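Dear colleague,

I am handing over the structure for your review. A summary of what was found follows below it, and I should be grateful if you would read the two together.

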Amino acid sequence: MHAAHTRQRGRALVLVQMLSGLLALGVVVALLALAEYQRRAALEAAGERGELMARVLEDHATRVVESASLTLRTLAESMAQQPQVEPARQQALLTQALAGLPFLRGVAVLDAQGQVLASSSAAEQGLRLDLGRIGRPPASAREMLLPLLPGRGLADLRTDAASPRAAGVNMLPLMRRMTGPAGKEWLLLAMINPGALANYQQIALSDDDGIALLASYDGVLITTTDPALPAPGRRFAEHPVFSHWLPAREWGGYIGQGVLPGPQVVAFRVSRSRPLVVLIEQSEAAALQRWRASLPWLAGLGAGALLLIGCAATVLLRAMRARENSRQALDRAHEQVALRERELSVVLKSVQELIFRTDVDGVVTFVNAPWGAMSRRGEAGVLGRNLASMVAGADRERIAALFRPDDRAGVRGVEVSARTADGRLHRFAVSVVPLHGRGRVVGFAGSAVDVTERYVAQQKLQHQLAFTGLLLEISPLPTAMFDAQGLYVTVNQAWEDFSGLSRADVIGTEVGFALRPEELRLPAGQAARWMAQGGRQRHETRVRHRDGSLRDIVITQVLVPGERGDTAGTLCTLMDVSEFRDAERATREARDVAEEASRSKSEFVANISHELRTPLQSILGFSELGQARGCNQPRMAAGMFADIHASGQRMLALVNDLLDVSKIESSVGTFDLERCDLRGLVQSVLRELEPLVTRRRQQLVLQLPDEPLSARVDPQRFQQVIRNVTANAIKFSPEGGRIEVSAELLPPGEARISVRDRGPGIPEAEIEKVFDAFVQSSKTKDGSGGTGLGLAICRKIMTVHDGSIHAENRAGGGAVFHIQLPVRVREDTALDSLVM
């Protein structure tokens, strides 16, 4: 029985062993199965996260390109309505469109040859681009996303640019063909910044989610979040997404070859409207990192048979926890997607343009934040209202026409007026695009841009042009405008009255009145020089008036700059100066007569002065002889001969003064200039006058600087000035008085000599008159004065020296005379003729 029991236990042991073994084998198998399950779950979760992120990033990239596309369509509509090419206006429009789109580097308008007509960057205007480098333009009224280009802006696409200046910087061009003014074919070019897409990818992806790539449909890399990858522009033709999956599937995922080495968890999604592909790659090792971290736990749980069930339960619990973590990660991914969508909604609402969506009848169903300014109740006051009801009554039919279901136009636009919440009337450019669903229009999406300032500016410009035309018409000067080919563009009424021609007969014809056609056809170099000098030219000629008389005419020509910096034409005015020229000729004849009379007078004074000197010498000689011989008869010597001698001396001084004036005026007097120290000349004169000072018991004070006063003067003439002024001070100062002579160097580079006295002074009204010929001060006409020529001669001498002499009264009585002389280099001999 024991044996049976033993056998039973053995069988039980065997059974237990078998059961243990089976259980252990089952646990091991279960653990292996669980490990494999977790591995697949981790890879599936990574694939789901990748597909979700691919969808988010594809949606963002598509929105960016569609926003740029909407901007180009809006700009094309606005520019197509312009009557003519206006680069300044187009540049302002492009700059305004760029303001709310941070993902655009720039927007430009090109002609069919690649010439930049207008750009959001003023520095790019006028560049010629290599269209072959950019890519094949789209068909008319269509747009195309072109291949990635290296460079930062249009300057890197010039025809003469060998390579982009900014290494590693790229741009994604979006081009639209349109018809501009006058039916010209234009290209609208928007440069999308791939860096903006990369920044959003970097923000959306966490470090554990791998890398994101944006490529073109043919596999050219546009942007990536991994700086270690090859630079954008490389083609991944061998990548399975481009070689196997596309174009059969537009989204999906797999585990296998990717951009990075080794097995990758790859998810991709093709843009719903653009040739773009978003790829999310995560290495298989990174996706299984959490799973590998759980393997030691599974191995530990299977190490002991006694803890096999507990280990199995723990493994199951961990498996459930791992799945729960996967589900939580998936929920977090959904939350991130929802957060990104809310952020995009906030960005959309923060755009300054009025963005809206309506149903098929034009009833507003969605608006962004700026619409709050249209109603006192904010955005809620706009939702549910018909868009036509919010505009001015005169524009309601025009706004309602945008929502006609039979209209096949893609983008519809119109300008209307509407009042905002503050009651002010604004001007808006409204554009809408129909939204299609199931083959029919289900609603409209659009935007409204406030163009009030532009509208007001246009109105002001029209008024200004009308005002300018009125000014031109009422101008008393005959005025005409010619184009660059020398054809009349317009003339005013004064021109018609002067020429006798009708504007209807001359406009559009070649210039032929007062000017010759060849005078208006300037070479390019001469026109540029003329423009650099102010664009104005004036000359005088003689033109026949409508009455048949010849008139002296001053013709003024002004170049009118064109839109591209060239010359658009010439504005010409005619000024009749016939009366002025007649008066000028009469004045010239009168001046010649006056000069001839002055010369005759000077010659007469010189001749009569020479004739007077001969008898005066005899009178003075005999008076001196009489004084010498009548020494024994004091009454005769001191009375009669002394009076005769004194009168002769005064007469001789008068004659000498007249001779000085005559020499200066008759161009006979020559001034020999030499560099002299003025201090020595002044001291020499004062030494001559010492006997006179002593006789009148006066005090003569001299103050000279230590440094030399060097100037170029005629020594004799300069001493004559000092002698006359100092002699007058001695003559008119009282006996025992004080006379001060000083010299100094002024900052402007002039030397000044001042003579001060305590005489009777000069009346204020006569301070300037005393320097005229034959004029004396009213205070010295008692016989103490001279001939009235001394100060006039002094001023003439100082004028020849480019100097000056003036007088002023001193406080307490007396006068001071200032003699100023420039200290500079002149010619050794100066011949100046002065007219009295």
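Which residue in strand 21 does Pro 561 stand opposite? The residue opposite Pro 561 is Thr 567. Please bear in mind throughout that this is a predicted model.

The sheet containing strands 20 and 21

Pro 561 belongs to strand 20, which covers residues 550-561, and Thr 567 to strand 21, which covers residues 567-576. Nine bridges pair these two strands in the antiparallel sense. Both are part of an open sheet of five strands, arranged in the order 18-17-21-20-19 with antiparallel pairing. At its edges are strand 18 (488-491) and strand 19 (536-544), each of which pairs on one side only. From one strand to the next, the twist in this sheet averages 25°.

The sheet containing strands 7 to 11

A further open sheet of five strands has the order 8-7-11-10-9, and its pairing is antiparallel. Strand 8 (221-224) and strand 9 (251-256) each have a single partner strand, so one side of each is left without a neighbour in the sheet. On average, neighbouring strands here are turned by 20° against each other, with direction ignored.

Within this sheet, strand 7 (residues 211-216) runs antiparallel to strand 11 (residues 276-283), and six bridges join the two. One of the pairs is formed by Ser 216 and its bridge partner in strand 11, Leu 276. Helix 4, made up of residues 194-204, lies across strand 7 and strand 8. The helix runs at about 45° to strand 8.

The surroundings of Gln 264

Strand 10 (residues 264-270) includes Gln 264. Is this residue buried or exposed? Gln 264 has a relative accessible area of 1%, and it is classed as buried because that value is under 20%.

Two backbone oxygens may be of interest to you when you inspect the side chain of Gln 264. The backbone oxygen of Pro 261 lies 3.0 Å from a polar atom of that side chain, while for the backbone oxygen of Gly 262 the distance to a polar atom of the Gln 264 side chain is 3.4 Å.

Leaving aside residues up to four places away in sequence, Gln 264 touches Tyr 254, Ile 255, Gly 256 and Gly 258. Under the same condition, Gln 264 also touches Glu 281, Gln 282, Ser 283 and Glu 284.

With kind regards

Methods
Residues numbered from 1 in each chain as written. Predicted model: local features only at pLDDT ≥ 70, side-chain atom pairs only at ≥ 80, totals over all residues. Heavy atoms only, no water. Helix = DSSP H or I, 4+ residues; strand = E, 2+ residues; numbered from the N terminus. Buried < 20%, exposed > 50% of the residue type's maximum accessible area, 1.4 Å probe, protein only. Polar contact = N/O pair within 3.5 Å; in protein donor to acceptor, adjacent residues only side chain to side chain. Contact = heavy atoms within 4.5 Å. Pairing = 2+ DSSP bridges. Axes fitted to C-alpha atoms, helices over the stretch in contact; angles between N-to-C directions.
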